[in-house]
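User: I am new to reading protein models. Could we go through this one together?

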Amino acid sequence: MNEPKRQENVPWGEVERAAPEFARGVRERFGAYRHHVLGTLRADGAPRLTGLEADFRDGELYLGMMPSSRKALDLRRDSRFGLHANPGATGDMDGGDVRVSGRAVEITDGAQLSRYAAAMPEGTVPEKFHLFRADVREVVRTTIEGEEIVFRIWTPARSLRTVRRGNDDSAPRTDPVD
């Protein structure tokens, strides 16, 4: 019996190497606003949505949190996360809708934490904080193009693909890979 291929998680830099233009657009979308929405799992399995600042730096996507925050405790218990870029003040999807999912790896090494904090503007990092590195499983950018909704989906296993869907009962179409 064939088992499904296990989905791996990779550092953000792997997305940048594999699909640089796509990754640049995702970073720009996150850069348009400061606060975004992080989804974690509570102890009972229910979803928890909280605000978060995403920090793309040195080929990594970092998630920083206050000490003992619920989201940090959630990620310590179950590292799966979903991160949704702030959609902005209007509903026009300017720049698209962007989501990243994967697993968060806590950074506990004092030297790494100090280097991270030293690169932040003075006064923006608390004395104590949790820092997680996002290992990416999937990145999705959704846009509207004419009468179609277009999903550009990147995963380590399938690289970048484009799926288009119209506003009717037609089956979604996947663009040929270049």
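The turns below cover strand pairing, the nonpolar cores and a pocket in this predicted model.

User: How many bridges join strand 7 and strand 8, and in what sense do the two pair?
Analyst: Take one rung of this pairing as a start. Val 100 stands opposite Val 139 in strand 8. Strand 7 and strand 8 pair in the antiparallel sense, and the number of bridges is 11.

User: Which residue in strand 8 is the bridge partner of Met 65?
Analyst: Strand 5 and strand 8 run antiparallel, with four bridges joining them. Met 65 lies in strand 5, which spans 60-65. Its bridge partner in strand 8 is His 130.

User: Which residue in strand 8 is the bridge partner of Val 10?
Analyst: Strand 1 covers residues 10-11. It pairs with strand 8 over two bridges, in the antiparallel sense. The partner of Val 10 is Val 136.

User: What is the phi of Gly 146, in the turn between strand 8 and strand 9?
Analyst: Strand 8 and strand 9 pair in the antiparallel sense over seven bridges. In one of them, Thr 142 stands opposite Phe 151. The two strands form a hairpin with two residues between them. Gly 146 sits in that turn, and its phi is positive, about 65°.

User: Which residues have the most contacts inside the largest nonpolar core?
Analyst: This core has 27 residues. Helix 1, helix 2 and helix 3 each give two or more residues to it, and so do strands 5, 6, 7 and 8. The residues with the most contacts inside the core are Trp 12, Leu 63, Phe 81, Leu 83 and Val 139.

User: How many residues does the other core have?
Analyst: It lies apart from the largest one. Among its members are Tyr 62, Ile 107, Phe 129 and Leu 131. Its residue count is six.

User: What does Leu 63 touch, not counting residues up to four places away in sequence?
Analyst: Leu 63 is one of the residues with the most contacts inside the largest core. Beyond those sequence neighbours, Leu 63 touches Leu 38, Leu 52, Phe 81, Leu 83, Ala 104, His 130, Leu 131 and Phe 132.

User: Which residues are closest to the centre of the second largest pocket?
Analyst: The pocket holds about 210 Å³ of space. Its lining has 13 residues. By class, six are nonpolar, one is polar and six are charged. The closest to the centre are Tyr 62, Ile 107, Gln 112, Arg 115 and Tyr 116.

Technical notes
Residues are numbered from 1 along each chain as its sequence is written. This is a predicted model: local features need pLDDT of at least 70, side-chain atom pairs count only at pLDDT 80 or more; totals for chains, interfaces and linings use all residues. Side-chain values use heavy atoms; hydrogens and water are left out. On a 1 Å grid over the protein atoms alone, a cavity is a set of points where a 1.4 Å probe fits but cannot get out, and a pocket is an open set with protein on both sides within 12 Å along at least five of seven lines; lining residues have an atom within 4 Å of a point. Grid points are joined across faces, edges and corners, and a volume is the space filled by probe spheres set on the points. Ala, Val, Leu, Ile, Met, Phe, Trp, Tyr, Cys and Pro count as nonpolar, Asp, Glu, Lys and Arg as charged, and the others, Gly among them, as polar. A nonpolar core is a set of buried Ala, Val, Leu, Ile, Met, Phe, Trp, Tyr and Cys residues joined through side-chain atoms within 4.5 Å. Buried means under 20% relative accessible area, exposed over 50%, partly exposed in between (1.4 Å probe, protein chains only). Contact means heavy atoms within 4.5 Å. Two strands pair if DSSP finds at least two bridges between them.
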